[in-house]
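Work through the exercises below with the model open. Try each task before you read its solution.

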Amino acid sequence: MSTGTRPALTRLVRYVPRAAVAVVAALALTACGGGTDNASSESTSSAGADAKSAFPVTVEHKYGSTTIDKEPKKVVTLGLSDQDAVLALGIKPVGAVDWFKERPYGKWPWTKDKWGSDLPEIVGERDDYNIEKIAALKPDLVIAQYSGMKKEQYDTLSKITKVVAQPKGHEDYQAPWQDMTRQIGKALGKKDETEKLISDIDARFKAVRDKHPEWKGKTVAVGEPYEPGKFSAFSPNDPKVIFLTEMGFTTSEKYRKALGKENIADLSVERLDVMEADRTVWLGTPDTEKAMKADPLYKKTKVYQEKRDLFLPYDSPDIGAALSFNTVLSIPYAIDQVVPMLEAIK
């Protein structure tokens, strides 16, 4: 078994070369001004006043703490899914990183309308950041929650602007979506709006649990076949697994032991025992699904023989991507798509 700490992502981009990281000296940024629209409504003005009153605010994170003195106007997101929470709070990031080779505004149905024509600059691929591009955007805040940002990257970026790194107390890519959303909301001075977003999602999950009490305590495993004879299993703290456990499912001791502290474990089909569960969910493409179902060892598993497995596509529709993001914007879409599929498994 080989393990890694890379983020969960489709193997469609597994071998794509990463963007080069340009290391630059410390740069001073000019203050970002913002005019006032005379046609703004009183409610908008009130909201702006409330946001300004939230500052200064100090956000603790993996590499210490960051104090934000005033309301951020230009935000760059470096977490793979951070842009969703920022968009949900009414701010369009000026820069973001690529993940699925779809660009962060791509075709995802849960954010397409929110981006509109204001598309962000791509400032890196996954955890490789182009510091020069970030500096050129002159952001007054950089957010990196669902990320693997290194200390040296944080130090370099902190010489340029304010940076809020990953939540402390969690392995990279394993912080709960609630924690990451709250970190983002606090940094943006939008605590009340953030809590409303979270409570709305919690209510959606509760509705699913109430409708399906039979799912409580049932085990689930989530994996991704990526080449013949090999697959990945995702941590119980991975967004895709968390999505299912919030519906009442749990993970087996064998599954948890196989993953340990790693976010993802690469396994051979000889270890398909790890994936035996009441519901086994696979993400991938039609080709990887076909290959897995044709594998002689997979055909011997109980989950296959008892038809308790579920294959979800990364795109067309974008279910796998929605589970991978697992944000306040993607979760409602994922619930609408996945619940009926789980219901169909008897």
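## Exercise 1: The largest cavity

The model is predicted. α6 gives the most to the lining of the largest cavity, with four residues.

Task: find which residues line the largest cavity, and state its volume.

Solution.
- Step 1. Count the cavities. The structure holds four of 30 Å³ or more.
- Step 2. Take the largest. Its volume is about 80 Å³.
- Step 3. List the lining: Ser81, Asp82, Ala85, Trp177, Met180, Thr181, Ile184, Phe325, Asn326, Thr327 and Val328.
- Step 4. Assign helices. Both α2 (82-88) and α6 supply at least two lining residues each.
- Step 5. Sort by class. The lining has six nonpolar residues, four polar and one charged.

## Exercise 2: α6 against α7

Task: decide whether α6 and α7 are roughly parallel or antiparallel, and say which residues make the contact.

Solution.
- Step 1. Locate the helices. α6 covers residues 177-187, and α7 covers residues 191-211.
- Step 2. Read the geometry. They pack at an angle of about 160°, and their axes are 8 Å apart.
- Step 3. Apply the cut-off. Angles over 145 degrees count as roughly antiparallel. The two helices are therefore roughly antiparallel to each other.
- Step 4. Add the hand. The crossing of α6 and α7 is right-handed.
- Step 5. Name the contact residues. From α6 come Trp177, Gln178, Thr181, Arg182 and Gly185. From α7 come Lys191, Thr194, Glu195, Ile198, Ile201, Asp202 and Phe205.
- Step 6. Sort by class. This contact of α6 with α7 has four nonpolar, four polar and four charged residues.

Trp177 and Thr181 of α6 take part in this contact. Trp177 and Thr181 also line the largest cavity.

## Exercise 3: α7 against α14

Task: work out how α7 is oriented to α14, and which classes of residue meet in the contact.

Solution.
- Step 1. Read the geometry. α7 and α14 (residues 330-343) pack at an angle of about 10°, with axes 11 Å apart.
- Step 2. Apply the cut-off. Angles under 35 degrees count as roughly parallel. So α7 is roughly parallel to α14.
- Step 3. Name the contact residues. α7 offers Ile201, Arg204, Phe205, Val208 and Lys211. α14 offers Ile331, Pro332, Ile335, Asp336, Val339 and Glu343.
- Step 4. Sort by class. The contact of α7 with α14 has seven nonpolar residues, no polar ones and four charged.

## Exercise 4: Backbone exceptions

Task: identify which peptide bond is cis and where Arg126, with its positive phi, is found.

Solution.
- Step 1. Recall the usual case. Most residues other than glycine have a negative phi, and most peptide bonds are trans.
- Step 2. Find the cis bond. The bond from Phe55 to Pro56 is cis, with omega near 0°. Pro56 sits in the loop between α1 (42-53) and β2 (57-61).
- Step 3. Check phi. Arg126 is not a glycine, yet its phi is positive, about 55°. Arg126 lies in the loop between β6 (121-125) and β7 (128-129).

Definitions and conventions: Residues numbered from 1 in each chain as written. Predicted model: local features only at pLDDT ≥ 70, side-chain atom pairs only at ≥ 80, totals over all residues. Heavy atoms only, no water. Axes fitted to C-alpha atoms, helices over the stretch in contact; angles between N-to-C directions. Parallel < 35°, antiparallel > 145°, perpendicular 65-115°, else oblique. Left-handed = near helix turned anticlockwise from the far one by under 90°. Contact = heavy atoms within 4.5 Å. Nonpolar A, V, L, I, M, F, W, Y, C, P; charged D, E, K, R; others polar. 1 Å grid on protein atoms, 1.4 Å probe; cavity = no way out; pocket = protein on both sides within 12 Å on 5 of 7 lines; lining within 4 Å. Points joined across faces, edges and corners; volume = space filled by probe spheres on them.
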